[in-house]
Amino acid sequence: MKQHILVIDDEAPIRELLHSYFDKHGYAVSTAGSAAEAVQITADHRFDLAILDVVLSDADGLELLSNLKRTHPELPVIMMTGIGFDDDLLREAKQKGAAGYVSKTSPLPKLLEEVQGVIRRP
């Protein structure tokens with residue numbers, strides 16, 4: 001059975017790119033364009049990993065991270081940002097349960113490597 005990834009980003013081109021990329025690498029992929037959509041889809045489906053944008057149009061990604069970890073503590077979440085990570089953001093994301101961090105400007109193979117590493121962790 002394919003491992004199932006949820007990509008949460010309010011930018012459609014990012015969702016489409018990551019959906020296509022991870023699908024080609026053997027993952028089942030679902031996407032959500034908002035925090036509300038992410039909450040609904042995680043209530044209805046089980047995921048092996050979520051990739052969550054730090055800045056969403058309808059919510060703060062770190063608040064959504066807290067919500068996801070409260071309702072699905074077993075779900076590993078990789079935070080993704082186009083604005084860059086500073087020490088405070090990294091610390092807060094880690095405190096709220098983030099399993100990893102990537103930049104939207106990172107090469108896709110680096111993101112794949114991060115996903116594979118997080119999914120393999122016990």
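**How close do the axes of helix 2 and helix 3 come, and at roughly what angle do they cross?**

## Helix 2 beside helix 3

The axes of these two helices, helix 2 (residues 35-44) and helix 3, come within 11 Å and cross at roughly 10°. Since angles under 35 degrees count as roughly parallel, helix 2 is roughly parallel to helix 3. Helix 2 brings A35, A38, V39 and T42 to the contact, and helix 3 brings L64, N67 and L68. Sorted by class, the residues where helix 2 meets helix 3 are five nonpolar, two polar and no charged.

Please keep in mind as you look around that this is a predicted model.

## Helix 1 across helix 5

Now to another pair of helices. Two packed helices are described by the angle between their axes and the distance between the axes. For helix 1 (residues 12-24) and helix 5 (residues 108-120), the angle is about 65° and the axes are 11 Å apart. That makes helix 1 roughly perpendicular to helix 5, and the crossing of the two is right-handed.

Which residues make the contact between helix 1 and helix 5? From helix 1 come L17, L18, Y21 and F22, and they meet L108, P109, L111, L112 and V115 of helix 5. By class, this contact of helix 1 with helix 5 has nine nonpolar residues, with no polar and no charged ones.

## The aromatic cluster

Two residues of that contact, Y21 and F22 in helix 1, are also worth following for their rings. Searching the whole structure turns up two aromatic pairs. In the pair of Y21 and F22, the ring centres are 5.6 Å apart and the planes stand at 80°, so this pair is edge-to-face. F22 also pairs with Y27, again edge-to-face, at 5.9 Å centre to centre and 85° between the planes. Through these ring pairs, Y21, F22 and Y27 are linked into a cluster.

Are the members of this cluster buried or exposed? Y21 has a relative accessible area of 14% and is buried. F22 is buried too, with a relative accessible area of 0%. Y27, at 7%, is likewise buried.

## I119 and its contacts

Y27 leads on to helix 5, where I119 is found. Not counting residues up to four places away in sequence, I119 touches Q3, Y27, D48 and L49. With a relative accessibility of 18%, I119 counts as buried, because the cut-off for buried is under 20%.

A C-alpha distance adds a little context here. I119 and K104 are 15 residues apart in sequence, and 19 Å separates them in space, C-alpha to C-alpha.

## Two views from helix 3

Helix 3 (residues 61-71) holds L62, and K69 has its place in helix 3 as well. L62 is buried, its relative accessible area being 4%. Setting aside neighbours within four places in sequence, L62 is in contact with V54, M79, L89, E92, A93 and K96. K69, with residues up to four places away in sequence not counted, touches L75, P76, V77, K96 and G97. K96 therefore appears in the contact lists of L62 and K69, because each has heavy atoms of K96 within 4.5 Å.

G97 offers a handy reference point for both residues. From L62 to G97 the separation is 35 residues in sequence and 9.6 Å in space, C-alpha to C-alpha. K69 and G97 are 28 residues apart along the chain, and their C-alpha atoms are separated by 6.7 Å.

## V55 in the loop

The last stop is the loop between strand 3 (49-53) and helix 3, where V55 is found. Is V55 buried or partly exposed? With a relative accessible area of 44%, V55 is partly exposed.

Leaving aside neighbours within four places in sequence, V55 is in contact with D10 and I83. V55 and T81 are 26 residues apart in sequence, while their C-alpha atoms are 7.2 Å apart in space.

Notes
Residues are numbered from 1 along each chain as its sequence is written. This is a predicted model: local features need pLDDT of at least 70, side-chain atom pairs count only at pLDDT 80 or more; totals for chains, interfaces and linings use all residues. Side-chain values use heavy atoms; hydrogens and water are left out. Axes are lines fitted to C-alpha atoms, for helices over the stretch in contact, and angles run from 0 to 180 degrees between N-to-C directions. Helices (H or I, at least four residues) and strands (E, at least two) are DSSP runs, numbered from the N terminus. Angles under 35 degrees count as roughly parallel, over 145 as roughly antiparallel, 65 to 115 as roughly perpendicular and the rest as oblique. A crossing is left-handed if the near helix is turned anticlockwise from the far one by less than a right angle, and right-handed if clockwise. Ala, Val, Leu, Ile, Met, Phe, Trp, Tyr, Cys and Pro count as nonpolar, Asp, Glu, Lys and Arg as charged, and the others, Gly among them, as polar. Buried means under 20% relative accessible area, exposed over 50%, partly exposed in between (1.4 Å probe, protein chains only). Rings of Phe, Tyr and Trp (its six-membered ring) pair if their centres lie within 6.5 Å; planes under 30 degrees apart count as stacked, over 60 as edge-to-face and the rest as tilted.
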